[in-house]
Every structure is written in C-alpha cells, then in structure tokens.
Amino acid sequence: MHLQTLDWVIVVVSIAICFTPALFFGKRAGKGTAEFFASGRSVPWWLAGLSMVATTFSSDTPNLVTDIVRRQGVAGNWCWWAFVLTGVSTVFFYARLWRRSGVMTDLEFYEIRYSGKAASVVRGFRAIYLGFFFNCIIMASVNLAACKIAGILFGLERWQTLLMVGLLNVVFAAHSGLWGVLVIDMIQFFIKMSAVIAAAYFAVKLPQVGGLQGMIDKLSNVSGPGGINYLNVLPDFSDHWDIAVAVFVMPIAVQWWAVWYPGAEPGGGSYIAQRMLASKSERDALAGTLFFNIAHYCLRPWPWIIVALCSIIVYPQLSDIQKEFPHLDPSLLGNDIAYPAMLKCLPVGWIGLMVAGLIAANSSTILTHLNWGASYLVHDFYRRFITTDATEKHYVMMGRLATVALYLCAGALTFVLETAKDNFDIMLQVGAGTGLLYLVRWFWWRVNAWCEVVAMVSSFGVSIFWLILKKFGPTDVQLSTHEQLLYTIAFTTVCWVLTAFITGLETDHHTLLAFYRKVRPFGPGWAHIREEVGNIDEDRTAGDNIPLALIGWVAGCTAIWSALFTLGNYLYGRTTYTAILGGVFVLSSLVLIRVVNKLWTK
C-alpha cells in the first residue's frame, strides 16, 4: 500500500501536533523524580482521565478486539467488558485511598502498609517483576501490533518498525517525563478516535459489505466457530453453554475481581494508580478515574467491532488475507491482522489520518509504560536498595537510562510473540488469583507482605505448570483457557488467605496504626485499630459512605453497560432494544450523578 502526498502531509502534521508540546516539559521533568514520574502531583481530573483512556487505546487494542470478534463473536468482548466492575469499584472505593496514601508509585504502598524485610522484599521484587518483565511483555504485545500494521501497510520487517517507533517514543519519554506523556496522550486521543470512526465508516461502505444493514443481513446468515452468532452481544446459553461460560460467566463472576491485568487492576494499580497519585486532589483522582471508565467502555468499542465484523465478510479465511498481501511475513498472520488488512478500504487523506492515529495509539501506550516501568525500576528498586542518597538529577538521569533499556528489551521480546489474543490470555493467567488480595488489603488488617509473596509465587508457579502441560502433556488432559484460569484463581486464593491467618500478626502494630491514621480505610476490617486511634478529622473521611458507594458502583456499571449496548443496538437497527436500554441509561445516570454529588461535596 502506497501513501499519497496528502497522506504523508497529514501524518507529519499530526505527529508534530502531538509531540511538539512535549518538548517544552523537558526542563520541568528534569527538576526531580516527583516531576518526572508524578507531574508534581498537580494533574487536573480531565487530563488524568484522558491520559488513562489514551494509554489503554494502544495499537494492539483494535487488533485484539478483531481477533476476539472473529473467533468468538461480539459477545467474546465480555472478557474485557467485565472489567467495568473493576474500574467503577476503583472510583468509589479505592481512588480516594490511593490519593490519601501520598506515595509516588503504587509499589511504595507496600512499605507504608506492611513492615519488616518482607515488605521491602515485595516492593523490590514487584519493581523488577512488573516494571521490567511484565511491562516488557505488554510493550512487546503493543509493538507486535505495530509490526503487523506496518507489515500490511508498507511491507516493513519487524526490526524496521521497531526502530522507527522506538526512536520516537524513547526520545520523548526520556526527555519530557510524565508531563509530556500526559499532554501527548490528550492530543493523541482525539486523533485516534477520529481515525477509527473513519475506518468503521469506510468499512461498511465497501461493496462486499453493503452498508450497516448489508453487514447485519450477511452475518445473520453465517455461523462462526462452534456455531456462534457473530452479532450477539450476549452468548447463547441454550446451545453453546461451554462458550457462554468462557466468554461471559467466568469474566462476570470471577475474572473481574480475581485477575490482575494492567489498566483494569482490582483496586487500581500500575499506570491507573500513577495518574490517581499525580492528581492534584482526591476529587480529581475520583473524577479522572470515572471519566476514564465511561470513555473506555462507552466511546471506543463499536468502531473497532464494526471493522472486525466487516472483516469477516471481506476476509472470511486467513488465507484470503495472505492472498491479498502476498509479501506479508507468514509469522505475522493471525485473526488480529484482519484489522490492519481492512485499512486498505480507506481513501486518500483518510489513510494518512489512520496511519497517524495508529502511530499515536502505539506512542500513547508505549510512552506510559516506559515512564511507569522506569518509575518502578528507579524509585522502587534503584533508589530504595542500591543508591539511596544521590541527587534528584541523578535519579532523573537513571530514569531516562531505564527508559531506553526497557524499550530495547521489549523490542527483543517482540520477535517471540505471535497474536494479540494469546498475549492477552497469558497476562490474565499470570495475574490470576491475585486480584482479590489487592481488593482486600486496604480493608483487612490481617493481610500482610507474606500474603503478597505467596500470591505472586503460587499464581506464577501454576501458570508455568499450565504452559509445561500444554507443551509436553498428553492431549487428553488439556484444559481450556478458562478452566486453567479458574483452577489458578482457586489455588492462589486459598494459599494467600491461609497465609493471612497463619501470619496475621506479622505486620508491626505501629505500622498498622500509622497506615490507618494516614489513609483512613473504612469498614469493619480495621475496627480494633479504629478504636485505638480514637477521634479523627471528619474532613479527611468525607465521602467514606459504604452504602452510597455501593449504590454508585451499581449505578455506574449499569450506566456504562447500558450506554454501550444502546449504541450497539442502534447500529443494528433494533429500535425497541435501543429505547429500553436508553431508558436504563438515563435512569442509572441520574442515580450516579446524585450519588457523586453526595459523596464528593467536600
């Protein structure tokens, strides 16, 4: 595919608009780690929220959704739609607590919540485990998508794509710190949304598709893998119960609270916690996280889904994509590559905007992960355990060097990965069973550092066991992905809960008192600590109302899901369902607004 002059002009102008403002934050970012990693804790809610949305909209996200739709239909997206429960719970139960903690990174939390060597070990281990190993897997997955897109559009080799996007991302991440990342994210979000909406519009205009109604008519008469209906937003519980369990029951009943996944961590974490901690107030942390969840689940999915559905008509088999793009590296061929293959339908000018949008999607995610990972490696490992008394400028320089090293390692790992959905499953499996711990540790004093160690080790160990069994075990004992996930969650949860009771007095009592005075966690799990502390400043606990928070959580989830499916049914032309779901959205939104006004008055 060749870009015309107009396309190249749009690409260059878009990149300049995105990245030029970040150049002005280099001096500010160099003042110290608080500026480089936390933007001086002065980020307004709208900037924090837009940055969260932009970060989770990476170059591999449209590919992942396309992979899911082609394999499991629209209903397969419940594997990530279920995380609405996680995200909205963070808004009403955890964002305020994170902001009160005053830590620079979410890993620093361990040494104000726990005590002794175990707390230091957990902080140092997770700095390497998450900031380096897990972070590199995420960035490699994003880079893999960029390589597939560039392979389709320009016929580039993997190393060529990695070199070009790497130079752009590493330079700006190292130069401008989190301030630059936030500003770039804000601009990139609007470019990316414009591009994917345009892609959906032109996809349905293809002669093979015949408009929205043509797409619906054609796919209504076609059965997907296992006989699924591609268009259904809920799985078929009567004839395909096994599929329903995998794509809906497991995510809704278990996955959302039991699995650690970046961007949807139970209780908040990683770059979501980073944005909350960088916010200028508790209210900004709450509002930014709420805006993120609304935009993440309501605004973005359907343009991706429409393109994915059209791709089933245009390229029903992977061999059709291979025929269309004969020079494509066979190792890149998978269902996730159908999304970039569909971009061939874009006219001159719009293809330039899409290329700019895909570059923006890649950059917004990689920039965040570089800064977030560097904050772990420098603030939570290097500064804490290796060089403890250097100047702020020294730590900023180490942060910039860590940024470069992270990208080089992620780039090397890109050559190992294959498809977006497989990478998604791996990350879910490795984090399985730890999610409940991250929810409970704020509200139950017995949770201690050894619970964290046991949860990580048991989850990782079981995941390795499944990988070995898949490769070397007999075929008759192989379990499906959701069955493996369920067993991992059960084993890991039992292990850390038993550890909490066995080692419940491990955390120093003075540490528990100091944590409670600083964070003020609510609920019965701290009852005896609360009695010992005595009277507290009511202004510091304003909004800590569990019944209202529960109502807000339910109303928020209902509003988001009903908005998502109102739009979907409107696109399907289902007037009755659209009206009913639209009414549910209005009612739940009114309840949500009322709860928010009551909780956030101070």
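The following conversation goes through a predicted model and asks how each label is earned.

Student: What should I keep in mind about the model and its numbering?

Tutor: This is a predicted model, in which local features need pLDDT of at least 70 and side-chain atom pairs count only at pLDDT 80 or more, while totals for chains, interfaces and linings use all residues. Residues are numbered from 1 along each chain as its sequence is written, and side-chain values use heavy atoms, with hydrogens and water left out.

Student: Why is C136 called buried, and what is C409 called?

Tutor: Buried means under 20% relative accessible area, exposed means over 50%, and partly exposed lies in between, with a 1.4 Å probe and protein chains only. C136 has 4% relative accessibility, so C136 counts as buried, whereas C409 has 33% and therefore counts as partly exposed.

Student: How do you know that C136 and C409 do not form a disulfide?

Tutor: A disulfide is a pair of cysteine sulfur atoms within 2.5 Å. The closest cysteine sulfur to that of C136 belongs to C409 and is 5.1 Å away, so the two are too far apart for a bond. By this rule the count of disulfides comes to zero.

Student: What makes a group of residues a nonpolar core?

Tutor: A nonpolar core is a set of buried Ala, Val, Leu, Ile, Met, Phe, Trp, Tyr and Cys residues joined through side-chain atoms within 4.5 Å. The largest such core here has 200 residues, and W80, W81, F92, M215, L309, L343 and W442 touch the most other members. Helix α10, residues 158-204, gives the most to this core, with 23 residues; helices (H or I, at least four residues) and strands (E, at least two) are DSSP runs, numbered from the N terminus. Apart from the largest core lies another of eight residues, among them V245, V254, A258 and A432.

Student: Which residues of helix α11 are buried, and what do the buried residues pack against?

Tutor: In helix α11, residues 211-220, the buried residues include G214, M215, I216 and L219. The buried residues of α11 pack against α15 (301-314) and α26 (546-572).

Student: Why is V170 called buried, and which residues is V170 in contact with beyond its neighbours in sequence?

Tutor: V170 has 13% relative accessibility, and because this is under the limit of 20%, V170 counts as buried. V170 is placed in helix α10, and, leaving aside its neighbours within four places in sequence, V170 is in contact (heavy atoms within 4.5 Å) with L370, T403, V404 and Y407. V170 and S363 are 193 residues apart in sequence, while their C-alpha atoms are 9.4 Å apart in space.

Student: What makes the pair of E111 and R123 a salt bridge?

Tutor: A salt bridge is a side-chain nitrogen of Lys or Arg within 4 Å of a carboxyl oxygen of Asp or Glu. In E111 and R123 the closest N and O atoms are 2.6 Å apart, so by that definition the pair is a salt bridge. E111 lies in helix α8 (residues 110-113) and R123 in helix α9 (residues 116-154), so the pair ties together parts that are 12 residues apart in sequence. E111 is partly exposed at 24% relative accessibility, whereas R123 is buried at 6%.

Student: How do you know that R275 and D185 also form a salt bridge?

Tutor: The N to O distance between the side chains of R275 and D185 is 3.4 Å, and because the limit is 4 Å, the pair passes as a salt bridge. R275 in helix α13 (residues 270-278) and D185 in helix α10 are 90 residues apart, and both are buried. The structure holds eight salt bridges.

Student: Why is I464 called partly exposed, and which residues form the nonpolar patch on the surface?

Tutor: I464, in helix α22 (residues 449-472), has a relative accessible area of 31%, so I464 falls into the partly exposed class. The patch is formed by F460, I464, L467, I468 and F472, with about 500 Å² of accessible area together. Patches are made of residues with over 30% relative accessible area and no salt bridge, where like charges are joined within 9 Å and nonpolar side chains (Val, Leu, Ile, Met, Phe, Trp, Tyr) within 5 Å; accessible areas come from the Shrake-Rupley method with a 1.4 Å probe, and for residues only the protein chains shown count as cover.
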